[in-house]
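Subject: Structure for you to look at, with notes

Dear colleague,

I am handing over the structure that we spoke about, and I would be grateful if you could read the notes below with it open beside you.

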Amino acid sequence: MDVQQMRTRRRWLLACAGTTAGIATIAGCTSDSENGDDGNETDGETPDGFDEGDTGEYGVWPMAHYDAANTAVAPNSGPDSKPEQEWSVELENSPTIPVVANGTVFVGERGGEYRGIDIQTGDVLWNHHPTDWDDTRGEPNSAFTPAVSDTAVYVSGNGVEALEHSGEELWESGHDTLFNLRIHDKTIYGRTGEYVYGIDEESGKEILEIEASAEVETLSITDEKIILATRQDEEDFQLEGYEKRTGDQLWTQMIQEIRGGAPDIRIIDSSIYTVNYMNVISIDTETGDVEILNDFLEKNTRPSQPTVHAGRAYIPTELPEIPVLDIDTGEQISDWDKNILNRMTGWRMIISDEVLYVWSSGTINSPGHINAIDINTNEKKWEIESSLSGIPVGPIILEDAILYADNSDNTVVFYE
């Protein structure tokens, strides 16, 4: 064990003995198998705000990680066999993760421009530049993913700006620019600096304000809870649980040295699944209690943010491996071939209709790939090449189709 590993491990063990601000004391080393009734109900289902069976030919993908709980699990079928590229749209700057509703692709780009694109033809239908752009992180050219409901698309600008799907402006909330937009129960949530706001979907009026302990990096919403990740320093983040109705803080918990930036907060059945250095962990959303599911330190690989579905956690790593854990026991699934791919798979993964979608890295002489793996048979269904050379975002999985943003040439690409 090197010095860095010893230091991090010691800090984790010390945290186990400590207490947190708020009403909960975080055990850190102990398991709490009891979950409350504040589960995420959109895991692989039609997301909040859309009627089942009324989502159009291509289905919907309304937010960055599909739903407000960031599950990255969707019901859309995806292509059954290797898809073909139908169109690509070149933007002026790097695109955000695209979102989709009612046959329209909504995408932002670095610098604050937003566009609506016809999903069948790739024609740009409209452009929108926010009336105000206040990036509190000091990056005026950043790009922020929109969110879409069945009636409107919401973009970062003068607070939150609401547009009809046709691009016509509806309202502006008037806050500092809000980012990381999530939609839940007819409320738009977003963060700016150390604050998180809830905005009424129809009127644009503020209905909730939460002041966090430090700058908020990302957030996740369930029926009763708001979970935030705040940056404490260059290496460490603090997860903070709040009551959604009142904004009262419930608990805090430190997690350390997240590879690839801020942690996703993926919530399944009242538990957050994330990583803490070399550990895959779960955190109870009611109490903040932590359970170490699996320690990868002795396996000589570093895990990244897991995707959880049907009792299993699929783990990206810095190696060409995809280990899968039983979330009840923490043990690796023995009949899953973790070496099904031959390239690094260290980026966030998506599951849609029992298929795992995995980016595998390219090299100087060869492109990266999107791989589709049947999670029931552990067999690769298909793979496609991409010219992507940067960090992947997406892909977005739709009905018989996929969509992704390519930062290497500032394009949005559609396959069917």
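The notes that follow deal with strands first and with charged residues afterwards.

Please keep in mind throughout that this is a predicted model.

I begin with strand β4, which covers residues 104-109 and has six of its six residues buried, so that the strand is largely enclosed by the rest of the structure. The side chains leave β4 in two directions, with Thr104, Phe106 and Gly108 pointing one way and Val105, Val107 and Glu109 the other, and the residues on both sides are all buried.

On one flank, β4 is joined by three bridges to strand β3, residues 99-101, in an antiparallel arrangement, and within this pairing Val100 stands opposite Val105. The hairpin of β3 and β4 has two residues between the strands, and Asn102 takes a positive phi near 50° there. β4 is also joined to strand β5, residues 113-118, by six bridges, again with the strands running antiparallel, and Thr104 has Asp118 of β5 as its bridge partner. In the hairpin of β4 and β5 there are three residues between the strands, and here Gly111 takes a positive phi, near 105°.

The strand also leads on to the charged residues, since Glu109 of β4 forms a salt bridge with Arg115, for which the closest N and O atoms are 2.7 Å apart. Both partners are buried, Glu109 with a relative accessible area of 3% and Arg115 with a relative accessible area of 10%.

A second group of strands deserves a look, namely the open sheet formed by four strands in the order β7-β8-β9-β10 with antiparallel pairing. The edges of this sheet are taken by β7 (147-148) and β10 (169-172), each of which has a single partner strand, so one side of each is left without a neighbour in the sheet. Strand β9, residues 159-164, is joined to β10 by three bridges, and the two run antiparallel; in this pairing Leu163 stands opposite Glu169 of β10.

Glu169, which lies in strand β10, is partly exposed at 48% relative accessibility. This residue also belongs to a patch of negative charge on the surface, in which Asp132, Glu164, Glu168, Glu169, Glu172 and Asp176 gather.

As for salt bridges in general, the count comes to seven when a side-chain nitrogen of Lys or Arg has to lie within 4 Å of a carboxyl oxygen of Asp or Glu. One of them is formed by Glu224 with Lys225, where the closest N and O atoms are 3.9 Å apart; Glu224 counts as partly exposed at 32% relative accessibility, whereas Lys225 is buried, with a relative accessible area of 2%. Glu224 and Lys225 are linked with Glu286 in a network of salt bridges.

Another salt bridge is formed by Glu321 with Lys338, with the closest N and O atoms 3.8 Å apart. Glu321 lies in the loop between β24 (312-314) and β25 (324-326), while Lys338 lies in the loop between β25 and β26 (350-352), so the pair ties together parts that are 17 residues apart in sequence. Of these two residues, Glu321 is buried, with a relative accessible area of 18%, and Lys338 counts as partly exposed at 27% relative accessibility.

With best regards

Notes
Residues are numbered from 1 along each chain as its sequence is written. This is a predicted model: local features need pLDDT of at least 70, side-chain atom pairs count only at pLDDT 80 or more; totals for chains, interfaces and linings use all residues. Side-chain values use heavy atoms; hydrogens and water are left out. Two strands pair if DSSP finds at least two bridges between them. Buried means under 20% relative accessible area, exposed over 50%, partly exposed in between (1.4 Å probe, protein chains only). Patches are made of residues with over 30% relative accessible area and no salt bridge: like charges are joined within 9 Å, nonpolar side chains (Val, Leu, Ile, Met, Phe, Trp, Tyr) within 5 Å. Accessible areas come from the Shrake-Rupley method with a 1.4 Å probe; for residues, only the protein chains shown count as cover. Lys and Arg count as positive and Asp and Glu as negative; His and the chain ends are not counted. The place of a charge is taken as NZ of Lys, CZ of Arg, CG of Asp or CD of Glu.
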